[in-house]
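Subject: Structure for you to look at

Dear colleague,

I am passing on the structure we spoke of, with my notes underneath. Please open it beside the text and follow along as you read.

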Amino acid sequence: MEESLEWEYQELFDEINKDYLAYRARNMSLSECLARTWDVYENVENMGEMEKIVVNVAFGELSLLPAKIFINLKKHTVEALNQLNMFELQQVLTTEQLTDLMRRRDHVLQNIEHKPVDAHPLVRWYYSEMKDEVIKFLNVFTQETSHDGDIIILAAQERFQRDCKNTRGENMNVQTTIAEFLISKNITNYERFHLLKSEIQQFQPDQLNEQLSLDEKAELTLRIKKVRNMYEK
């Protein structure tokens, strides 16, 4: 974030998105990127009416990217975007900027209404995002680097080591996705694969934490059961 005593309209949008993408480049989850970026710009919205609305529109747009939105962020964003001081905005924005701002604000309000909410403040990968991120990594790694099962598993576990320590649900989602991928590619006759098999076989559904929904717990449990059955063939 660049220090600025007076923000320009497009500059503020650009800086928020630049900082968000910088966190994404560090392999953080969408919700963590959002939370970390919010920590940087939370006080900026108190600088003036334009800053308040731009910050909340920008974060509203970014909050549409994850699978869920933290319930307090949704409430704050909706309240802020429904409390515009049009007179003040007209004093500092051009007609084109105001038109752009209203279009973006309306888009956020229309889409955020139907966004699933998350009541847990812990930032993390959401279930479907985690699975997709692991598959994306494995596809790129096996295309560019190696088809050696031990190397693949080690690389994937190192890449998602931080996330696996976060919650039990994230850990089992990662390990199960790695196993599913290797089985689909018939890459199973490796030492680390058998270690992976042992960890999955020891899993019990009651170990899943409350950060997963009932449907997500049921799906992950079914996936683990299918992987176990594949191991036994």
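Where does Gln83 lie? It is found in the loop that runs between helix H4 (71–81) and helix H5 (86–92). Once its neighbours within four places in sequence are left aside, Gln83 is in contact with Glu49 and Lys52. Tyr127 follows 44 residues apart from Gln83 along the chain, and the C-alpha atoms of these two residues are separated by 34 Å. Please keep in mind throughout that this is a predicted model, and that the values below are computed from it.

The overall picture

The protein holds twelve helices and two strands, and from the N terminus on its elements run in the order α-α-α-β-α-α-α-β-α-α-α-α-α-α. Taken along the principal axes, the box filled by the C-alpha atoms is roughly 70 × 35 × 25 Å. Of the 233 residues in the protein, 46% are buried. Among contacts with a separation of 6 or more, 73% are accounted for by residues 24 or more positions apart.

Helices H7 and H10

The axes of helix H7 (residues 127–144) and helix H10 (residues 168–184) come within 9 Å of each other and cross at roughly 40 degrees. That angle makes H7 oblique to H10, and the crossing of the two is right-handed. On the H7 side the residues that meet H10 are Tyr127, Met130, Lys131, Val134, Ile135, Leu138, Asn139 and Thr142, while H10 brings Glu170, Asn173, Val174, Thr177, Ile178, Glu180 and Phe181 to the contact. Sorted by character, the residues of this contact divide into eight nonpolar, four polar and three charged.

Val134 is worth following individually, as a residue placed in helix H7. Its relative accessibility is 0%, so Val134 counts as buried. Leaving aside the neighbours of Val134 within four places in sequence, the residues in contact with it are Phe160, Val174, Thr177 and Ile178. Val40, by contrast, lies 94 residues apart from Val134 along the chain, and the C-alpha atoms of the two are separated by 28 Å.

Aromatic pairs

With ring centres within 6.5 Å taken as the criterion for a pair, the count comes to five aromatic pairs. In one of them, Tyr9 and Phe13, the ring centres are 5.2 Å apart and the planes stand at 80 degrees, so the pair is edge-to-face. Both residues, Tyr9 and Phe13, belong to helix H1 (residues 9–24), where they sit four residues apart, about one turn of the helix, and both are buried.

The rings of Trp38 and Phe59 likewise form a pair, with centres 5.0 Å apart and planes at 90 degrees, so this pair too is edge-to-face. Here the pair links distant parts of the chain, since Trp38 is in helix H2 (residues 30–41) and Phe59 is in helix H3 (residues 49–63), 21 residues apart. Are these two residues buried or exposed? Trp38 has 16% relative accessibility and therefore counts as buried, and Phe59, at 1% relative accessibility, counts as buried as well. Elsewhere, ring pairs link Phe137, Phe141 and Phe160 into a cluster, and Phe160 is also one of the residues in contact with Val134.

With kind regards

Notes: Residues are numbered from 1 along each chain as its sequence is written. This is a predicted model: local features need pLDDT of at least 70, side-chain atom pairs count only at pLDDT 80 or more; totals for chains, interfaces and linings use all residues. Side-chain values use heavy atoms; hydrogens and water are left out. Axes are lines fitted to C-alpha atoms, for helices over the stretch in contact, and angles run from 0 to 180 degrees between N-to-C directions. Angles under 35 degrees count as roughly parallel, over 145 as roughly antiparallel, 65 to 115 as roughly perpendicular and the rest as oblique. A crossing is left-handed if the near helix is turned anticlockwise from the far one by less than a right angle, and right-handed if clockwise. Contact means heavy atoms within 4.5 Å. Ala, Val, Leu, Ile, Met, Phe, Trp, Tyr, Cys and Pro count as nonpolar, Asp, Glu, Lys and Arg as charged, and the others, Gly among them, as polar. Rings of Phe, Tyr and Trp (its six-membered ring) pair if their centres lie within 6.5 Å; planes under 30 degrees apart count as stacked, over 60 as edge-to-face and the rest as tilted. Buried means under 20% relative accessible area, exposed over 50%, partly exposed in between (1.4 Å probe, protein chains only).
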